[in-house]
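Thanks for coming. I'll go through one structure this morning, strand by strand, and then turn to its interior.

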Amino acid sequence: MIDEIFGCGYWGKANPCVGRRRSTLCTASSFRLGLGFPPVAAIQGVMRAGFAKTAFSRGFSVVRLFPMLILNPYTHDERFTLEADISINGSHITFEYAVSDRAGLFELPTAAALWKKEDVSRRDGLWNSTCFEAFLQPIGSEQYYEFNFSLQPAWQAYAFDGYRVPQPPPPALDFAIESLEWIPVQNRLVARVENRSPFNKFQVGLTAILQEKNQNKHYCALAHKGPKPDFHLGESFTLLRGV
């Protein structure tokens, strides 16, 4: 698979596309025109530079063909941007998160990593520090699932019968981690999960908690529907994914 090596043509620099949905592959002029595929010359140029060759040899992805969605912090802050998306392909679910940390607020890994399932343990309390999350509610059901992904690396999934019940929630054993991947050129986390549940169509809420180096936390989501940050509100599950 080709990864997102092209940071809108700004490698390691401020990204002019931050704060809005990026057009498909906006590195070259043809990308900015919204064409669906990168020019062969652009990819060959990157490969000649050695970056893509290294990425391919390690199994990392480099050019993302679709735009991601902005997760808004509950308290507005222009110093960073967080994007996310989810895709469902059969029994496989892929969660993606990308952080544009313009002010250097967060402690993020500088080395690429690909953790296989045996390297990623289930742990509770991941939300106490930087944690990338998602909420999946089967269509027409009150029950829902919460997913937590951490760069420790660790993960967890919980099953709820309804809004925040039961407490404490049991682990959702219908899902199994396949891999976690960190791509530092875009500060991007890719979590791949196997879906063993009987459900394949969900209302989705994408969320995250980003903790600054000074311990201040930002609560980010596609939608904030309550008087305070509350990722469990069903009204915030605004995406429809699956078939």
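I'll start with one pair of residues: E133 has N148 in β7 as its bridge partner. Keep in mind throughout that this is a predicted model.

That bridge belongs to a pairing between strand β6, residues 131-138, and β7, which are antiparallel and share 5 bridges. The hairpin of these two strands has 5 residues between them, and in it G140 takes a positive phi near 80°.

On its other pairing, β7 goes with strand β8, residues 154-160, again in the antiparallel sense, over 7 bridges. There, Y144 has F160 in β8 as its bridge partner. The hairpin from β7 to β8 runs through 3 residues.

Now, how buried is β7? Of the 7 residues in this strand, residues 144-150, 7 are buried, so the strand is largely enclosed by the rest of the structure. As background, side chains in a regular strand alternate between the two faces of the sheet. In β7 both faces are covered. One side carries Y144, E146, N148 and S150, the other Y145, F147 and F149, and all of these are buried. Note that E146 is on that list of buried residues.

Next, strand β3, residues 92-101, which is mostly covered, with 9 of its 10 residues buried. Strand β2, residues 80-89, pairs with β3 in the antiparallel sense over 10 bridges, and S87 stands opposite T94 in β3. The β2 and β3 hairpin has 2 residues between the strands, and G90 there takes a positive phi near 65°. β3 is also joined to strand β10, residues 188-195, by 7 bridges, and these two run antiparallel. In that pairing, Y97 has L189 in β10 as its bridge partner.

Let me move to the cores. In soluble globular proteins, nonpolar side chains tend to be buried together. Here the largest nonpolar core has 42 residues, and the members touching the most others are F95, F132, L136, F147, F149 and L206. Which strand gives this core its largest share? That is β11, residues 201-211, with 5 residues. There is also a second, separate core of 8 residues, which includes F135, Y158, A221 and F237.

F132 is worth a slide of its own. Setting aside neighbours within four places in sequence, F132 is in contact with L82, Y97 and V99, with F147, N148, F149 and L151, and with L189, T207, A208 and L210. Y97 and L189, in that list of contacts, are the bridge partners mentioned a moment ago.

Then the empty space. How many cavities of 30 Å³ or more are counted? The count is 3. I'll show the second largest, which holds about 40 Å³ of space. Its lining consists of G205, L206, T207, A221, L222, A223, H224, D230, F231 and S236. β11 supplies the largest share of that lining, 3 residues. By class, the lining has 5 nonpolar, 4 polar and 1 charged residues. Two names return here: L206 lines this cavity and is among the residues touching the most other members of the largest core, while A221 lines the cavity and belongs to the second core.

To finish, the overall numbers. The protein chain has 3 helices and 13 strands. Of its 243 residues, 52% are buried. Among contacts between residues at least 6 apart in sequence, 61% join residues at least 24 apart.

How values were computed. Residues numbered from 1 in each chain as written. Predicted model: local features only at pLDDT ≥ 70, side-chain atom pairs only at ≥ 80, totals over all residues. Heavy atoms only, no water. Core = buried A, V, L, I, M, F, W, Y, C linked by side-chain atoms within 4.5 Å. Buried < 20%, exposed > 50% of the residue type's maximum accessible area, 1.4 Å probe, protein only. Helix = DSSP H or I, 4+ residues; strand = E, 2+ residues; numbered from the N terminus. Contact = heavy atoms within 4.5 Å. Pairing = 2+ DSSP bridges. 1 Å grid on protein atoms, 1.4 Å probe; cavity = no way out; pocket = protein on both sides within 12 Å on 5 of 7 lines; lining within 4 Å. Points joined across faces, edges and corners; volume = space filled by probe spheres on them. Nonpolar A, V, L, I, M, F, W, Y, C, P; charged D, E, K, R; others polar.
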